[in-house]
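Subject: The structure you were waiting for

Hi,

Here is the model, ready to open in your viewer. My notes on what turned up are underneath, so keep the two side by side.

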Amino acid sequence: MNRPPEHDVDRDFVALPDALPELVGLFDPNYFRQSRWFGDKDLDVSRISVVDYFSHRLPCTDSCPDKIAIFAILRFHLESSRGEDTTRQDYFIPLVFTHLGPGGPLPAGPISVSAPVEREPLLIIHGPSCRATVYDGLGDPDFVAGYSLLVSKAASIPGNHGTFEFRPVPAGDTRIWSEPGRIERVSGEYSNSLVITGNGLIHKAFRRLSPGRSPELEINLALKAGGRFNRMAPVRGYVSYRPRDGTEVTLILAQEFIPNEGDAWELVTRLARDYYEGCRACKLSGGQLSSGQGGTAEFNASNALGALEETAAGMGGLLAELHSALASVPGKAFEPDPVGVKDIEEWIQLVRRRSEEALDVAPGVARGTSREREPRGGTALEKLTGIHGELREYLGRMHDYLASLARSGDLGKKIRIHGDLHLGQWIKAKDGFYILDFEGEPLLSPGERRAKRCPLADVSGMLRSFSYASYVSLAPGAEGLRPRVEATLSEAFLRSYLGRIYELAPGLMPVSEQEVRTMLSLFNLSKALYELIYEAKSRPDWVEIPLNGVLDCLSEIEIHFRKDS
């Protein structure tokens, strides 16, 4: 591994935490910027400062070196390429100082440490009194063991400007925290850091901090009270920072790890591939399967399509149960509010903003779509610019139509919802599906993630996810079968959801299914435009999926207004 920055410090090892404000200025910002959880990667880090921290000595045995853990909240000051100080962002950075021995210069070559680490040290310290390394602490089992001990004690530890609070859930139940056991750091594209421990917990460290209690923690505790909804991973403890003059901030959330067979994305794409391959093998076109079992390939395709329908229906019913449970939580933060004209105006304005931003990324969309994969009826750039006029006309008519319904109270209620629902947020366990990660859309502000919204926004997230799954799993030569896969998933999900939600909480939904589908077309359009912007910036080869979604939504809206005219 490469040698990180070195620093000469004339302090004993136990006194090193006192030098943290000085040491963070020596950290290499690129160490953090290469992490998935670090935002604003297009800005430069001008400096790093300390917001608050506390340190504690980690339990140590003869086989491990002396270690000090630091719970640190660091502020990254960011600037544009022109050197303008544009913003600042606070991050939770857990650190471990590892004692390497008495003072003196470090030997040349790689640095050897006992703890398993994900990357190289942040900093090497040497001086007359000690030699030490500084690591990101989350991959260190001694750090996790030390933090678990503090949770088991329900400790409250003062920093310089606030208090770090460690809390088990339920309060007083500390049995699961006594022996964390082995740790496994979860790799992947996550906006937070995840660790699984041998005591059956998964620990989520929130890196980029926002004021307020985590929506996941808030919703989990509210739903668990009274047993309102159990198809989620129970919270078993958390760590918060409470500044003296501010709002509580969640740093770590620990939940029970649910053994599972994989997520719904894996399941649905596998079944869709089975359907495509089965149809192709028996040379079926258009997805038309006979009623008999026929040959093995046809039988497999029919079974796969049936399994897709059953899977989607199961998820639709469970989402309805979640929304009904969220609507039943007492208190101002959760009680349903009617959808009003102001809500309609905000939804329409959001679509307008996203359509303008989509036009800004149009050149990237044009470059990202190959001639063989052009959206229907022309090039990507032609379609994107061509629909702008249609969008303006349809949104005006949509506003007038929905606003009139809102005035009569026919558009249902808004509640706390999941907020970022897609197939990857469901896991399949032996006893059925569970829904995960209630943090909401990562790019939204904390206030926006906690705001009450129309439940159909979650439904729309699933419908768009089904569309993605039908494209991503597509086999060569099976393009004509794709619409049937998407339609089977979407209709089964929506039919099950509406049947259950009208039974459990009928007042949440618009009065008629026609209004439900009209509102869904608006939410689907907003979501598809968001996806289009994201794909154009991040994965240009995928832009055809949301662009075709935009075209589908416009077709649905056109059909609706054609019927009404």
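A word on terms before the first strand: a residue counts as buried when its relative accessible area is under 20%, as exposed when it is over 50%, and as partly exposed in between. Please also bear in mind that this is a predicted model.

**A covered hairpin**

With that cut-off, strand β6, residues 131-136, is mostly covered, since six of its six residues are buried. In a regular strand, side chains alternate between the two faces of the sheet. In β6, Arg 131, Thr 133 and Tyr 135 point one way, while Ala 132, Val 134 and Asp 136 point the other way. Residues on both sides are buried.

The partner of β6 is strand β5, residues 123-126; the two run antiparallel and are joined by four bridges. One place to look is Leu 123, whose bridge partner in β6 is Val 134. Four residues lie between the two strands of this hairpin.

**Helix α3 and its two ends**

Helix α3 covers residues 141-152. At 1.5 Å a residue its twelve residues should span 16 Å, and the end C-alpha atoms are indeed 16 Å apart, so the expected and actual spans agree. Several of its residues are buried, including Phe 143, Tyr 147 and Leu 150.

What caps the N-terminal end of α3? That is Asp 140, which has a side-chain oxygen 2.8 Å from the backbone nitrogen of Asp 142. Just after the helix, Ala 154 takes a positive phi of about 50 degrees. Ala 154 sits in the loop that leads from α3 to β7 (156-158), and it counts as partly exposed because its relative accessibility is 36%.

**Two more backbone spots**

Asp 437 is another residue other than glycine with a positive phi, near 60 degrees. Its place is the loop between β17 (432-435) and α10 (446-450), and at 29% relative accessibility Asp 437 is partly exposed.

There is also a cis peptide bond, between Val 169 and Pro 170, with omega about -5 degrees. Pro 170 belongs to the loop between β8 (162-168) and β9 (183-186).

**Charged pairs**

Side chains of opposite charge can pair when their charged atoms come close. The count here comes to 30 salt bridges. Three pairs and one network may interest you:

- Arg 75 and Asp 90 have their closest N and O atoms 2.7 Å apart. Arg 75 is in strand β3 (residues 67-79) and Asp 90 in strand β4 (residues 85-101), so this pair ties together parts 15 residues apart in sequence. Asp 90 counts as buried, at 18% relative accessibility.
- Arg 500 and Glu 321 meet at 3.5 Å, N to O. The pair links distant parts of the chain, as Arg 500 is in helix α12 (residues 482-504) and Glu 321 in helix α6 (residues 296-327), 179 residues apart. Arg 500 is partly exposed at 25% relative accessibility, and Glu 321 is partly exposed at 32%.
- Lys 414 and Asp 343 meet at 2.8 Å, N to O. Lys 414 lies in strand β15 (residues 413-414) and Asp 343 in helix α7 (residues 341-360), so parts 71 residues apart in sequence are tied together. Both Lys 414 and Asp 343 are buried.
- Glu 165, Arg 213, Arg 242 and Glu 248 are linked in a network of salt bridges.

**Aromatic rings**

Across the whole structure there are 22 aromatic pairs. Phe 71 and Phe 143 have ring centres 5.2 Å apart and planes at 25 degrees, so they are stacked. That pair brings us back to α3: Phe 71 lies in strand β3 and Phe 143 in helix α3, so it ties together parts 72 residues apart in sequence. Both rings belong to buried residues. Trp 426 and Phe 433, by contrast, are edge-to-face, at 6.0 Å centre to centre and 90 degrees between the planes.

Trp 426 is buried, with 0% relative accessible area, and Phe 433 is buried at 11%. Phe 433 has a charged neighbour too: Lys 428 lies over its face, 5.4 Å from the ring centre. Arg 539 lies over the face of Trp 542 in a similar way, at 3.9 Å from the ring centre.

Finally, ring pairs link Phe 27, Tyr 31, Phe 32, Trp 37, Phe 38, Phe 76 and Tyr 91 into a cluster.

Happy to go through any of this with you.

Best wishes

Technical notes
Residues are numbered from 1 along each chain as its sequence is written. This is a predicted model: local features need pLDDT of at least 70, side-chain atom pairs count only at pLDDT 80 or more; totals for chains, interfaces and linings use all residues. Side-chain values use heavy atoms; hydrogens and water are left out. Buried means under 20% relative accessible area, exposed over 50%, partly exposed in between (1.4 Å probe, protein chains only). Two strands pair if DSSP finds at least two bridges between them. The expected span of a helix is 1.5 Å times one less than its number of residues. A polar contact is a pair of N or O atoms within 3.5 Å; within protein, one must be able to donate a hydrogen and the other to accept it, and residues adjacent in sequence count only if both atoms are side-chain atoms. A salt bridge is a side-chain nitrogen of Lys or Arg within 4 Å of a carboxyl oxygen of Asp or Glu. Rings of Phe, Tyr and Trp (its six-membered ring) pair if their centres lie within 6.5 Å; planes under 30 degrees apart count as stacked, over 60 as edge-to-face and the rest as tilted. A charge sits over a ring if NZ of Lys or CZ of Arg is within 6 Å of the ring centre and within 35 degrees of the ring normal.
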